[in-house]
Amino acid sequence: MINILPFFIPISVVKVKNWKDKKTKLEKCLSDTRKIDTSDEFIITDYHDFKGDKINASEIFKDELTEFCKNINASSFTIKKSWIEDQEKNMYHCTHNHGAIGFSAVCYLNFDPNVHRSVKFVSPFNNWQDGVHMDWCPEDEGIKVEESTIIFFPSLLHHYTFTNTSDKRRTIASFNFTLC
């Protein structure tokens with residue numbers, strides 16, 4: 001008998017190395033984001049205001065990106081766009097994807113696991129046994145998400161955030177990248 005898994009979705013959850021130093025660099029970008037009046041009722045972000053690697057993700061997350069590349073047999077990466085996103089009380093990010101451009105990552109900058117939830121991914125196909133729609137969230141699998149957690153995933157994978165019901169901000173640094 002040959003068992004095969006023809007459909008595979010690579011998602012990696014990693015703890016960021018040297019978090020204190022990297023968080024300081026990211027917080028500088030965060031203060032710039034909060035000066036921009038692009039908020040709506042759902043999120044505060046500088047996504048539309050900058051092009052390229054605004055947060056210098058290629059340098060800040062070099063170790064984590066290099067490790068991710070090794071795990072999926074890629075030799076290198078190129079950051080296409082990076083940004084910061086803030087969610088105050090009652091904000092959320094509805095279901096979306098980043099296009100068929102390669103991979104994306106989300107790093108939790110301000111995140112309290114006692115009151116916040118991480119990203120939830122929507123399966124591109126239904127359960128093969130019963131046809132039911134499938135979602136996946138790291139916490140549902142017992143994976144601890146906290147500040148310094150970074151999640152890598154295919155950019156075309158639909159995902160969303162739960163409503164922030166806390167008075168504490170939930171903040172992420174995010175970026176899209178391609179592999180060689």
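Is Leu-157 buried or exposed? Keep that question in mind while you first look at the chain as a whole, remembering throughout that the model is predicted.

**The whole chain**

Begin with everything selected and coloured by secondary structure, where you should find 3 helices and 10 strands. Followed along the sequence, these elements come in the order β-α-β-β-α-α-β-β-β-β-β-β-β. If you then reduce the display to the C-alpha trace, you will see that the trace spans about 60 × 35 × 25 Å along its principal axes. A compact globule of 180 residues would have a radius of gyration near 16 Å, and because the chain has 16 Å, the two agree.

Switching to a surface view, you are looking at about 10100 Å² of exposed area, of which carbon and sulfur atoms supply 52%. Beneath that surface, 44% of the 180 residues of the chain count as buried. Should you draw the contacts between residues with a separation of 6 or more, 82% of them would join residues 24 or more positions apart.

**Leu-157**

Now select Leu-157, which you will find in the loop between strand 8 (149-154) and strand 9 (159-160). Its relative accessible area is 4%, under the 20% limit, so Leu-157 is buried, which answers the opening question. To see what surrounds Leu-157, show the residues in contact with it, leaving aside its neighbours within four places in sequence: these are Ile-9, Ile-11, His-96, Asn-97, Phe-121, Val-122 and Pro-124. For a sense of distance, add Met-1 to the selection; Leu-157 and Met-1 are 156 residues apart along the chain, and their C-alpha atoms are separated by 32 Å.

**The cavity**

Next, turn on a display of internal cavities, where the count comes to 1 cavity of 30 Å³ or more. The largest cavity holds about 190 Å³ of space. Its lining is made up of 19 residues, and those to select at the start are Glu-85, His-93, Val-106, Thr-161 and Ile-172, which lie nearest its centre. The elements that give two or more residues to this lining are strand 4 (77-87), strand 5 (103-110) and strand 10 (170-179), and strand 4 gives the most, with 4 residues. If you colour the lining of the largest cavity by residue character, it divides into 7 nonpolar, 8 polar and 4 charged residues.

**Two asparagines with positive phi**

From the cavity, move to Asn-18, in the loop between strand 1 (12-15) and helix 1 (19-35). Although Asn-18 is not a glycine, it has a positive phi of about 50 degrees, and with a relative accessibility of 52% this residue counts as exposed.

Then select Asn-73, which lies in the loop between helix 3 (62-71) and strand 4. Here too there is a positive phi, of about 60 degrees, in a residue that is not a glycine, and at 75% relative accessibility Asn-73 counts as exposed.

**Last stop: Glu-59**

Finish at Glu-59, which belongs to helix 2 (residues 57-60). Glu-59 has a relative accessible area of 48% and is therefore partly exposed. To close the tour, place Glu-59 together with Ile-11, one of the residues in contact with Leu-157: Glu-59 and Ile-11 are 48 residues apart along the chain, with their C-alpha atoms separated by 21 Å.

Technical notes: Residues numbered from 1 in each chain as written. Predicted model: local features only at pLDDT ≥ 70, side-chain atom pairs only at ≥ 80, totals over all residues. Heavy atoms only, no water. 1 Å grid on protein atoms, 1.4 Å probe; cavity = no way out; pocket = protein on both sides within 12 Å on 5 of 7 lines; lining within 4 Å. Points joined across faces, edges and corners; volume = space filled by probe spheres on them. Nonpolar A, V, L, I, M, F, W, Y, C, P; charged D, E, K, R; others polar. Rg over C-alpha atoms; globule rule 2.2 N^0.38 Å. Buried < 20%, exposed > 50% of the residue type's maximum accessible area, 1.4 Å probe, protein only. Contact = heavy atoms within 4.5 Å. Areas by Shrake-Rupley, 256 points an atom, 1.4 Å probe, with all protein chains shown as cover.
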